[in-house]
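Opening a new page here. I want to walk through this one and write down what I look up as I go.

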Amino acid sequence: MAGGIPVTISILERNEFKPFIDDVTSLITEKSRVMLLNSPNNPTGTVLSFDELKVLAKIAVERDLIVISDVIYEACVATVPVSASGSYGEGYPNFPRCL
Ligand SMILES: Cc1ncc(COP(=O)(O)O)c(C=O)c1O
């Protein structure tokens with residue numbers, strides 16, 4: 001990506017597939033320019049909480065990083081019961097169907 005060298009962070013089930021903040025801070029160097037976030041995450045489905053995002057945002061500000069936030073699945077977060085067919089059903093006409 002524009003000559004950048006991607007540095008990835010492992011996300012583990014024992015941490016609900018969320019990044020360990022120590023991993024984030026320890027991998028940022030003076031060469032770091034961008035923090036790429038994907039929440040809701042594909043393929044784990046993990047959704048970072050607002051507080052977790054605030055922690056990452058604070059790090060990005062402190063380390064002068066541009067944040068690229070991939071929120072393509074934002075509208076797919078099930079906040080209402082999902083039927084087996086994946087339909088969100090009556091009463092949520094604007095809610096997209098996500099399988
Ligand atoms: C996290 C995430 N962002 C974006 C996309 C869209 O990618 P593309 O534009 O290549 O279809 C996908 C597709 O699977 C995805 O999983």
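**Ligand first**

I started at the ligand and listed the residues around it: Asn38, Asn42, Asp70 and Ile72. By class, that shell splits into 1 nonpolar, 2 polar and 1 charged residue. This is a predicted model, so I kept the confidence values at hand.

**Confidence**

How far can I trust the coordinates? I looked up the average, and the protein comes out at a pLDDT of 82, with 77% of the residues scoring at least 70. Among the elements, helix α1 (residues 21-27) has the highest confidence at 96, and strand β2 (residues 66-70) has the lowest, at a mean of 90.

Then I went looking for the weak stretches. Over residues 83-89 the pLDDT stays under 50, and the model gives that stretch 9 contacts beyond four places in sequence. Residues 91-99 also stay under 50, with 10 such contacts in the model. Where pLDDT is low, the coordinates should not be read in detail. I left those contacts alone.

**Fold**

Which elements are there, and in what order do they run from the N terminus? I found 2 helices and 2 strands, and they run α-β-α-β.

Next I checked the strands. β1 (residues 34-38) pairs with β2 in the parallel sense, over 5 bridges. I noted two of the partners: Met35 bridges to Val67 in β2, and Asn38 bridges to Asp70. Asn38 and Asp70 are both on my ligand list too. The connection goes through helix α2 (residues 50-62), and β1, α2 and β2 make a right-handed β-α-β unit.

I also pulled the totals. Of the 99 residues, 1% count as buried. Of the contacts with a separation of 6 or more, 56% are between residues 24 or more positions apart.

**Cis bonds after β1**

I scanned the peptide bonds and stopped at Ser39 and Pro40, which are joined by a cis bond with omega about 0°. Pro40 sits in the loop between β1 and α2. The bond from Asn42 to Pro43 is cis as well, with omega near 20°. Pro43 is also in the loop between β1 and α2. Asn42, on the near side of that second bond, is one of the residues around the ligand.

**Before α1**

What is odd about the phi of Glu16? I found it positive, about 55°, although Glu16 is not a glycine. Phe17 does this too: its phi is positive, about 55°, and it is not a glycine either. Glu16 is in the segment before α1, and Phe17 lies there as well.

Are these two exposed or partly exposed? Glu16 has 12 other C-beta atoms within 10 Å, so I put it down as exposed. Phe17 has 16 within 10 Å, so it goes down as partly exposed.

Last stop in that segment before α1 was Leu12. Leu12 counts as exposed because it has 11 C-beta neighbours inside 10 Å. I also checked Leu12 against Thr44: they are 32 residues apart in sequence, and their C-alpha atoms are 10.0 Å apart in space.

Notes: Residues are numbered from 1 along each chain as its sequence is written. This is a predicted model: local features need pLDDT of at least 70, side-chain atom pairs count only at pLDDT 80 or more; totals for chains, interfaces and linings use all residues. A residue is near a molecule or strand if its C-beta atom, placed from the backbone, lies within 6 Å of it. Ala, Val, Leu, Ile, Met, Phe, Trp, Tyr, Cys and Pro count as nonpolar, Asp, Glu, Lys and Arg as charged, and the others, Gly among them, as polar. pLDDT is the predictor's confidence in each residue, from 0 to 100. Helices (H or I, at least four residues) and strands (E, at least two) are DSSP runs, numbered from the N terminus. Two residues are in contact if their C-beta atoms, placed from the backbone, lie within 7 Å. Two strands pair if DSSP finds at least two bridges between them. A crossover is right-handed if, with the strands pointing away from the viewer, the path from the first strand over the helix to the second runs clockwise. A residue is buried if 20 or more other C-beta atoms lie within 10 Å of its own, exposed if 12 or fewer, and partly exposed in between; C-beta atoms are placed from the backbone.
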